[in-house]
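Subject: Structure handover

Hello,

Here is the structure we spoke about, for your files. Please look it over before reading the notes below it.

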Amino acid sequence: MASVKATAVATTLDEASAPAGTRRRLARRLLPLQVAVGLSSMVLWVPVEKLFMTQIGFTPRTVAVMAAAYAAVVPLLEVPSGVLADRWSRSGLMVCANVALLVSTVLGGLSHDVPTYIAAALILGVYFALSSGTIDSIVYDVVLAETGSSEQYETWIGRVNMVESGVLVVSALAGGAIAGWTSPRVTYFATLPFVAASAVAFGRFTEPRLHLPAEPVTLRGQVAVTYRTMIRLPAVRQTLLLAALTAMLAQAVFEFGPLWLVALAAPAALFGPYWATVVSMLGIGGFLAGRLNLDNRVVVAVLALAAPAATLALTLTRSLAAVIAAQTILTLLLAIIGIRAGKLLHDAVPSTIRAGVSSGAGTLSWLLFLPFSLAFGWFAHAHGVRQAGWFLTVAASATAALFVTTAVHRDAAAPAPAPRGPRARGPPPPPPPGAGRHRSPCSAARTSSGPTRQR
């Protein structure tokens with residue numbers, strides 16, 4: 001009897017310590033990645049960029065032209081870079097992305113006219129293309145390798161987003177302070193050491209190898225599989241569109257949101273705290289995404305209804321506080337929806353094409369953002385930024401509708417729970433996406449089971 005009790009106690013202790021041990025392994029594994037992400041987020045010029053652009057001659061129309069310029073570059077490189085990440089190295093691709101960010105920052109700081117700054121924005125588009133879908137693919141595969149499933153993905157990508165958001169808050173406050181003490185131009189050159197250190201940190205990160213096939217696959221074959229997955233599978237198509245719409249709307253808020261402050265004659269000292277408040281929602285959204293029950297239709301409906309409501313405030317009020325609050329709430333909602341869309345997308349594809357498909361979502365978001373930004377800029381120039389907020393309302397409504405539709409279809413496609421009693425005859429159920437031969441030794445030892453942010 002004593003030995004039976006001892007065995008039961010030992011089993012209970014092992015079961016209790018296993019999740020803690022897994023969390024510690026994941027924390028150690030992802031710590032270097034979080035350091036690299038944090039360093040690359042220390043971009044001091046972002047909160048004062050629009051202020052700097054107005055100083056060198058930009059107008060709302062030319063701001064839209066600039067946004068459309070780099071939005072045109074990203075789709076050309078995004079999927080090819082995702083396929084390269086799947087075939088080569090995702091951390092290596094992030095090193096290349098940070099080099100592009102370094103060059104863009106130097107050229108932006110040296111700009112004294114609109115064409116030169118647009119050239120810097122084009123190089124920034126290369127950074128966006130190379131980094132899109134890469135970090136979340138790495139995190140997904142690390143979680144899969146350590147736990148054998150994707151259940152903890154939302155929690156850990158949320159933690160990465162919290163690190164990124166926290167550093168963005170610090171960089172926003174520091175950038176605003178530096179611009180106030182010196183000039184906005186100085187923030188560009190103060191950013192360079194952090195970006196260079198991030199490139200080194202990404203180079204030293206040891207990524208999982210789940211994305212490398214067991215047998216060599218031709219480039220043509222991998223590209224074909226990647227595009228077929230995005231085009232022919234209805235569930236992937238719908239989730240891809242949801243991720244793209246969410247990313248497009250978030251990009252619109254980040255790109256055009258400060259124009260509301262310019263239109264309302266906000267003091268320069270407010271831009272730093274404003275930007276810090278907005279980007280802090282990325283971290284809070286990452287925290288909430290791992291704790292909200294996003295399989296619950298009521299939760300999904302609340303999030304879906306709140307997004308268009310937040311955009312309405314941008315068109316119906318002239319209050320500076322209300323505008324900042326609306327943009328803050330909208331960013332929070334988009335962060336949660338974006339993480340959910342990323343998980344659903346990653347769940348639907350194997351690791352060997354994960355970065356490529358995730359980059360496809362980014363490509364689609366930029367293809368949507370290109371005409372959106374041009375139309376928004378033209379309308380804002382003709383009728384004012386506040387009236388142009390209706391563009392955000394339409395986009396938020398479309399995103400909300402697709403978010404609800406995706407949740408409904410996912411519930412309908414979910415298998416019914418197995419009845420109790422003897423197992424029914426017939427073949428075993430197929431493994432989930434990502435299972436099979438493309439597994440790490442850790443996940444294979446535990447179980448046989450196997451998005452995009454942004455960016």
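The notes below go from the overall make-up to single residues.

Overall make-up

Please keep in mind that this is a predicted model. The protein has 455 residues, and 52% of them are buried. Its secondary structure consists of 16 helices and zero strands. About 19600 Å² of surface is exposed, with carbon and sulfur atoms supplying 68% of that area.

Nonpolar cores

The largest nonpolar core contains 94 residues. Within this core, the residues with the most contacts are Phe 58, Met 66, Tyr 117, Val 357, Phe 369 and Phe 372. Helix H10, which runs over residues 234-263, gives the core its largest share, 15 residues. Which residues does Phe 58 contact, once neighbours within four places in sequence are set aside? They are Met 53, Val 63, Met 66, Val 114, Tyr 117 and Ile 118. Two of the names in that set, Met 66 and Tyr 117, also appear among the core residues with the most contacts.

There is also a second, separate core of 22 residues. Val 37, Leu 144, Tyr 153 and Ile 157 are among its members.

Salt bridges

How many salt bridges does the structure hold? The count is eight, and three of them are described here.

Arg 29 pairs with Glu 146, with 2.8 Å between the closest N and O atoms. Arg 29 is in helix H1 (residues 2-40) and Glu 146 is in helix H6 (residues 134-147), so this salt bridge ties together parts that lie 117 residues apart in sequence. The two partners differ in burial: Arg 29 is partly exposed because its relative accessible area is 24%, while Glu 146 is buried because its value is 7%.

Helix H6 also takes part in the salt bridge between Arg 90 and Asp 141, where the N to O distance is 2.6 Å. Arg 90 belongs to helix H4 and Asp 141 to helix H6, so the pair links parts that are 51 residues apart in sequence. Is Arg 90 buried or exposed? Its relative accessibility is 1%, so Arg 90 counts as buried. Asp 141 is buried as well, with a relative accessible area of 0%.

The third pair is Asp 347 and Lys 343, whose side chains meet at 2.7 Å, N to O. Here both partners lie in helix H13 (residues 320-347), four residues apart, which is about one turn of the helix. Asp 347 is buried at 16% relative accessible area, and Lys 343 is buried at 9%. Some salt bridges share partners: Arg 25, Arg 29 and Glu 146 are joined in this way into one network.

Two buried small residues

Gly 38 is located in helix H1. With a relative accessible area of 10%, Gly 38 is buried. Gly 38 and Glu 164 are 126 residues apart in sequence, yet their C-alpha atoms are 5.2 Å apart in space. Beyond residues up to four places away in sequence, Gly 38 touches Val 163 and Val 167.

Ser 373 sits in helix H14, residues 354-383. Why does Ser 373 count as buried? The reason is its relative accessibility of 0%, as the cut-off for buried is under 20%. A polar atom of the Ser 373 side chain lies 2.9 Å from the backbone oxygen of Leu 370. Leaving out residues up to four places away in sequence, Ser 373 is in contact with Ala 64, Ala 67, Ala 68 and Phe 256.

Surface and loops

Val 106, Leu 110 and Phe 189 make up a nonpolar patch on the surface. Together they have about 240 Å² of accessible area. Leu 110 is in the loop between helix H4 (90-109) and helix H5 (114-131).

Another loop residue to look at is Ala 265, placed between H10 and helix H11 (268-289). Ala 265 has a phi near 55 degrees, a positive value in a residue other than glycine. Is Ala 265 buried or exposed? Ala 265 counts as exposed, because its relative accessibility is 65%.

Regards

Note on methods: Residues are numbered from 1 along each chain as its sequence is written. This is a predicted model: local features need pLDDT of at least 70, side-chain atom pairs count only at pLDDT 80 or more; totals for chains, interfaces and linings use all residues. Side-chain values use heavy atoms; hydrogens and water are left out. Patches are made of residues with over 30% relative accessible area and no salt bridge: like charges are joined within 9 Å, nonpolar side chains (Val, Leu, Ile, Met, Phe, Trp, Tyr) within 5 Å. Accessible areas come from the Shrake-Rupley method with a 1.4 Å probe; for residues, only the protein chains shown count as cover. A salt bridge is a side-chain nitrogen of Lys or Arg within 4 Å of a carboxyl oxygen of Asp or Glu. Helices (H or I, at least four residues) and strands (E, at least two) are DSSP runs, numbered from the N terminus. Buried means under 20% relative accessible area, exposed over 50%, partly exposed in between (1.4 Å probe, protein chains only). A polar contact is a pair of N or O atoms within 3.5 Å; within protein, one must be able to donate a hydrogen and the other to accept it, and residues adjacent in sequence count only if both atoms are side-chain atoms. Contact means heavy atoms within 4.5 Å. A nonpolar core is a set of buried Ala, Val, Leu, Ile, Met, Phe, Trp, Tyr and Cys residues joined through side-chain atoms within 4.5 Å.
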